[in-house]
Amino acid sequence: MRSVGIVGIGSYVPENIVTNKDFELFLDTNDEWIISRTGIKQRHIAPKDMPVSELCYQAGLKALEDAQIAPEEVDLIIVATITPDYAFPATACLVADRLGARNAAGFDLEAGCSGFVYGVVTGSQFIATGMYKTVLVIGGETLSKVLNWKDRSTCILFGDGAGAAVLQPVKEGFGFLGFELGSDGSGGALLSQPAGGSMYPASLETVEKNLHTLQMEGKEVYKFAVRVMGEVSLKVLKNADLKIEDVDLLIPHQANIRIVDAAVRRLGISPDKVVVNLDKYGNMSAASIPVALDETFKSGRIAEGDIIVMAGFGTGLTWGACVLKWTKVGLEV
Ligand code: UT7
């Protein structure tokens, strides 16, 4: 099996920022409640006419530029999203077309906020086996389009954005060292967009009942998240024969600062090794981890050989983590 790493990264968030104060104008909420319960101060929201494929295209373009790879060289594009442009065709195909990646296969992957981790794990298998050389994985969301803006328990939590990673073979001993993925469909109803699929096809009734918007049992998801974040991070380290002391950087899914803090306590990792940017972006679902990775790398905080853990959880329910030894140098194969 070949070693696989991330040789290019990029991200994109829409310009428009909505602050907690902005919510006070139309919702029974306040800045103090949102910050103390979630840690979120603001989020970026896409304009009405900007679909998720646009965010994914922008992030993907930056990642390819960063890796200095032409779109034609990409073998496969995976878009992790729960807010695709359409039920079908796949957003990945639309993004491939925008990028000019005419030699790429493409499909969407739906694993909620674990989507980017699921995506890089999936994409890296094609390279590890020698079938493909270059895979572009994008986590992108426009959750703002499926929120109930009258539901204060959900609409204040989420933001829009996209982050992308170019995967290629890297030198032995570097790149992805292990992963852990899991799911439990018995918790599917805890976080869902019920209508629009084959269970509740779109109808006047589904629209009237707001069933096309995100519905969440916040408390239950919170309990699940606190439990699973610590568990999955420890498991992935065990799979790679590493200890928590070996970790230079933990990039957790950015849902709620209290969930991150609980994971930090449980893992006994130093908080200065943990990336937090949810104050600026809210929960961007599949985009949270790659946007955080991109920002952290651009800030100069990641060095060759660093051990990085990325861990997420989300609708499904799903969870996933991967550990990699950082290098951005691809191998000529
Ligand atoms: O990516 C995965 C997706 N989701 C998550 O990770 C979310 C996980 N869950 C959470 O982060 C938290 O459960 C929330 C942030 C959603 C809610 O925090 P909480 O501490 O669990 O609050 P709560 O739901 O127990 O609500 C406490 C109170 C309630 O009022 P009463 O019943 O005590 O009078 C809510 O109605 O806070 C009220 N409340 C609000 N008040 C002001 C709920 N939302 C708001 C709000 N502003 N935006």
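Author: In this predicted model, a residue is called buried under 20% relative accessible area, exposed over 50%, and partly exposed in between.

Reader: What makes Lys171 count as partly exposed?

Author: The relative accessibility of Lys171 is 35%, and because partly exposed is the class between the limits of 20% and 50%, Lys171 counts as partly exposed. Glu304, with a relative accessible area of 44%, is partly exposed by the same reasoning.

Reader: Why is the contact of the side chains of Lys171 and Glu304 called a salt bridge?

Author: The term requires a side-chain nitrogen of Lys or Arg within 4 Å of a carboxyl oxygen of Asp or Glu; the side chains of Lys171 and Glu304 meet at 2.9 Å, N to O, so the pair satisfies the rule. The two residues lie 133 residues apart, Lys171 in the loop between strand E7 and E8, Glu304 in the loop between helix H10 and E12.

Reader: How do you know that Glu231 and Arg227 also form a salt bridge?

Author: Their distance is 3.7 Å, N to O, and because the cut-off is 4 Å, the pair is counted as a salt bridge. Both residues lie in helix H7, four residues apart, which is about one turn of the helix. Glu231 at 30% and Arg227 at 42% are each partly exposed.

Reader: What makes strands E12 and E13 a pair?

Author: Pairing needs at least two bridges, and eight bridges join E12 to E13, which run antiparallel; the strands therefore pair. One of these partnerships is that of Ala311 with Ala321 in E13.

Notes:
Residues are numbered from 1 along each chain as its sequence is written. This is a predicted model: local features need pLDDT of at least 70, side-chain atom pairs count only at pLDDT 80 or more; totals for chains, interfaces and linings use all residues. Side-chain values use heavy atoms; hydrogens and water are left out. Buried means under 20% relative accessible area, exposed over 50%, partly exposed in between (1.4 Å probe, protein chains only).
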